[in-house]
Structure formats: structure tokens, C-alpha cells
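Biologist: I have not looked at this one before. Can you walk me through it?
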Amino acid sequence: MGLAVEMGRRVRVRVPATSANLGPGFDSFGLALALHDEVEVTVTASGLSVDATGADEVAQDETHLVVRAIRATFDLLGRPQPGLALRCANRIPHGRGLGSSAAAIVAGVVAGAALTHDDLGPGFESASRAAPGTGDAGTGAGGRDGDAAGEAVEAAVGSRGESDWMLRLAGEIEGHPDNVAAALEGGFTVAWQDPDGARCLRVEPFDGLRPVVFVPTVRQSTRESRGALPERIGLPDAAHTLGRAALLALALSAAEPAGASRRAELLLRATEDRLHQPYRLPAVPGTAELVAGLRALGIPATLSGSGPSVLALAVSGQQAATAVGAAGADFSVAPLTVDRVGARITRFAAVM
């Protein structure tokens with residue numbers, strides 16, 4: 001067993017929401033969205049406390065997903081399990097297809113890594129410095145009692161070596177890597193499984209991308225949604241979906257120089273899917289109606305993950321405004337930007 005983690009060490013992790021699949025990229029594609037959960041973790045002598053704020057109730061014991069991910073990280077790194085005190089600001093809706101479980105897992109893995117490593121490599125190099133007692137503007141977690149204990153240093157968890165093992169661990173806990181890859185790396189990610197675990201490639205999305213998320217009041221579990229999928233599909237449907245997925249990866253990339261109108265046309269075609277959406281949408285008729293309505297307006301729209309939320313991939317502010325106006329009363333609408341950074345950590349001096 002390795003050395004114990006220093007008591008009083010404290011880190012804060014901010015992790016974005018994600019939308020997976022994006023239509024044809026089943027269990028592979030992910031897009032990070034600028035809607036964030038934030039978790040602050042302090043190492044204590046013993047025990048566990050969880051203070052969570054947000055609209056959804058969460059476990060406050062060892063079954064809490066962030067706690068499980070921290071524990072798994074300590075086990076992987078050969079560290080003894082300390083006591084933990086968590087403060088969680090949950091803003092990502094649960095059970096809506098926006099990667100809330102992936103965000104919790106990535107938050108726990110990154111927090112565990114940051115608590116056990118003084119230097120996490122190039123991906124954790126200091127990005128900015130915050131004066132004592134301050135936090136990220138608008139996150140709602142800064143400025144709490146105790147922040148004045150020491151200077152905070154914020155850093156991005158980038159793609160770059162040290163995050164590889166974190167992705168593998170997060171993917172193992174989650175069961176599939178699409179959401180966790182985007183939550184960890186930011187931007188647009190393509191994830192896959194190798195024999196030794198999850199891998200991903202991060203791609204910089206084009207500048208004009210304006211995601212709009214439509215969140216219904218109803219919830220849906222990923223497990224239930226997967227139960228609607230057939231065990232086999234025909235070769236024509238597989239070939240159609242494969243071609244659309246390849247087109248989508250190109251159309252989302254900043255390296256593709258297409259103008260806005262051409263980009264919108266490409267994305268509308270690229271988000272067609274015959275692999276999972278035809279089997280999932282009948283169970284959520286309101287979502288199905290919204291997807292069809294948006295697409296009739298020429299707006300690329302898909303299920304967000306397994307649903308029931310809807311993601312519109314608007315190519316400009318004007319198209320995003322058109323999408324917002326198409327929402328019905330059963331959906332809350334969130335015009336967002338792409339989170340291009342992914343998980344971030346803020347370190348604080350140990351509180352003894």
C-alpha cells in the first residue's frame with residue numbers, strides 16, 4: 001500500500017455536461033457543453049460527509065458516484081482510503097441524457113488524481129490564479145468559508161498523457177467511454193475501446209457551433225433506453241449510419257472550411273441515424289415530435305445521448321434562435337456553448 005494522502009488536502013473539480021451519440025455516433029461520439037457540475041473534496045482523518053446542492057436528490061454515503069470514483073482512483077494508485085468531505089453543486093439534470101453520471105465519475109477520478117499527485121503533468125499546468133477567497137465567476141461554489149486558507153491554482157485536465165489512465169478508469173466505471181471522454185477532454189471527442197480500455201481522440205469543433213439543449217420534465221434511464229435496442233440491424237442500415245457518422249466527424253471539425261449554410265446542410269444529413277434513434281424515439285413521443293420539428297426547419301437535431309433531452313447543433317446564433325423558438329411548453333431550453341477545455345481542477349493549500 002502506498003503513502004497515505006495528506007489530511008487537509010483540498011481540491012475543486014469542475015466538469016461539463018456532455019451529449020453523446022449525436023445521432024449516428026452510437027457509444028462513440030461526445031460533445032462537451034458549457035453547463036457544469038462542481039465538486040470540492042477535502043481529505044479528512046476518517047468518515048464521509050456529502051453536502052450536495054441541486055434539483056436532484058443524490059446518495060450521501062459510499063454509494064455516491066463521485067465517492068465511488070475517488071475510492072477507485074485511490075485503489076488504482078495504491079493509496080489507503082482516507083476520510084472524505086464533499087461539497088457538490090449539481091447543475092446537470094439527472095436522467096435526461098446530458099452525462100450527469102459521467103460528470104460525477106470524471107469529477108471523482110480527477111479529484112482522486114489531484115489529491116494524490118502534486119504534479120499531474122502537462123495537462124494540469126497552471127491555467128490561471130485566483131486570489132484567496134475567490135472562485136470561478138458564476139459557478140456558485142467559490143467564495144465559501146475556508147477558501148482563504150491558501151492560494152488557489154486552477155488547471156485544465158488536457159489530453160495529454162496523464163489523462164489516459166483517467167479515461168480508462170472512468171470508462172470502466174461508466175461502462176462506455178463516449179460521455180466520460182468528452183467530460184474529461186472537452187470539445188468533440190471520438191471514443192473507442194481497446195483491449196486495455198478506453199481511448200479517445202479530441203477534435204476542435206468549428207467556431208460557429210451553437211448547441212441548444214431541450215430538457216423535458218420526464219426522466220429516462222439509460223438502461224431502460226438500451227433495452228429498446230435490437231440485438232441486430234441489417235447491413236443497409238449499418239452502412240447508412242457508418243457513412244453519416246464519418247460525415248458528422250468531418251462536418252463538426254474546425255478543419256472543415258465550409259460556410260454556415262453548407263455546414264448546416266452537411267450536419268442535417270450527418271445527424272441521420274438508423275442504429276438507435278428509431279427504436280428509442282417511440283417511447284418519448286414529445287421528444288420525437290420536437291426532433292422532427294427541428295429537422296423540418298433545417299436544424300440538425302438528435303436525441304441527446306439516450307434521451308429524453310434533445311440536442312440541436314445550430315451553426316450560428318441566428319439558427320440557434322430559430323431552434324429556441326421551436327420548443328414546446330414541455331421542454332426547458334438552454335442555449336449553450338461548447339466547453340472546449342473539459343474537466344478543470346483548482347487546488348488549495350491544505351487545511352490542518
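The chat below goes through the fold, one helix, the rings and the salt bridges.

Modeller: Before anything else, this is a predicted model.

Biologist: Fine. How many helices and strands does the protein chain have?

Modeller: There are 10 helices and 13 strands in the protein chain.

Biologist: And what share of the residues counts as buried?

Modeller: The figure is 51% of the 352 residues. The protein chain also exposes about 14,600 Å², and carbon and sulfur atoms supply 54% of that area.

Biologist: What about contacts between residues 24 or more positions apart?

Modeller: They make up 77% of the contacts in the protein chain with a separation of 6 or more.

Biologist: Pick a helix. Is H2 mostly covered or mostly uncovered?

Modeller: Helix H2 is mostly covered, with 16 of its 17 residues buried.

Biologist: What span should H2 have, and what does the model give?

Modeller: Helix H2 runs over residues 100-116, and at 1.5 Å a residue its 17 residues should span 24 Å. The end C-alpha atoms are 25 Å apart, which agrees.

Biologist: Switching to rings. How many aromatic pairs turn up in the whole structure?

Modeller: The search finds one. It is formed by Phe-29 and Phe-188, edge-to-face, at 5.3 Å centre to centre with 80° between the planes.

Biologist: Why is 80° called edge-to-face?

Modeller: Because planes over 60 degrees apart count as edge-to-face.

Biologist: Where in the chain are those two?

Modeller: Phe-29 is in strand E2 (residues 25-44) and Phe-188 is in strand E7 (residues 188-194). The pair links distant parts of the chain, 159 residues apart.

Biologist: Buried or exposed?

Modeller: Both Phe-29 and Phe-188 are buried.

Biologist: Which ring does the charged end of Arg-10 sit over?

Modeller: That is the ring of Phe-348, with the charged end of Arg-10 at 4.1 Å from its centre. Elsewhere, Arg-263 lies over the face of Phe-206, also at 4.1 Å from the ring centre.

Biologist: Now salt bridges. How many does a search of the whole structure find?

Modeller: It finds 11. One of them joins the side chains of Glu-62 and Arg-71, at 3.0 Å from N to O.

Biologist: Are Glu-62 and Arg-71 buried or exposed?

Modeller: Glu-62 is partly exposed, at a relative accessible area of 39%. Arg-71 has 13% relative accessibility, so it counts as buried.

Biologist: Got another one?

Modeller: Arg-340 and Glu-204 form a salt bridge, with the closest N and O atoms 2.6 Å apart. Arg-340 is in the loop between strands E12 (331-335) and E13 (344-348), and Glu-204 is in the loop between strands E8 (197-203) and E9 (210-216), so the pair ties together parts 136 residues apart in sequence. Arg-340 is partly exposed at 27% relative accessibility, and Glu-204 is partly exposed at 34%.

Biologist: Where do Arg-244 and Glu-272 come in?

Modeller: Their side chains meet in a salt bridge, 2.9 Å from N to O. Arg-244 lies in helix H6 (residues 235-252), while Glu-272 is in the loop between helix H7 (260-270) and helix H8 (277-280), so the parts tied together are 28 residues apart in sequence. Arg-244 counts as partly exposed at 23% relative accessibility, and Glu-272 counts as partly exposed at 22%.

Biologist: Which residues are joined into one network by salt bridges that share partners?

Modeller: Arg-10, Arg-12, Glu-40 and Arg-87. Arg-10 also came up with the rings, as its charged end sits over Phe-348.

Definitions and conventions
Residues are numbered from 1 along each chain as its sequence is written. This is a predicted model: local features need pLDDT of at least 70, side-chain atom pairs count only at pLDDT 80 or more; totals for chains, interfaces and linings use all residues. Side-chain values use heavy atoms; hydrogens and water are left out. Rings of Phe, Tyr and Trp (its six-membered ring) pair if their centres lie within 6.5 Å; planes under 30 degrees apart count as stacked, over 60 as edge-to-face and the rest as tilted. Helices (H or I, at least four residues) and strands (E, at least two) are DSSP runs, numbered from the N terminus. Buried means under 20% relative accessible area, exposed over 50%, partly exposed in between (1.4 Å probe, protein chains only). A charge sits over a ring if NZ of Lys or CZ of Arg is within 6 Å of the ring centre and within 35 degrees of the ring normal. The expected span of a helix is 1.5 Å times one less than its number of residues. Contact means heavy atoms within 4.5 Å. Accessible areas come from the Shrake-Rupley method with a 1.4 Å probe; for residues, only the protein chains shown count as cover. A salt bridge is a side-chain nitrogen of Lys or Arg within 4 Å of a carboxyl oxygen of Asp or Glu.
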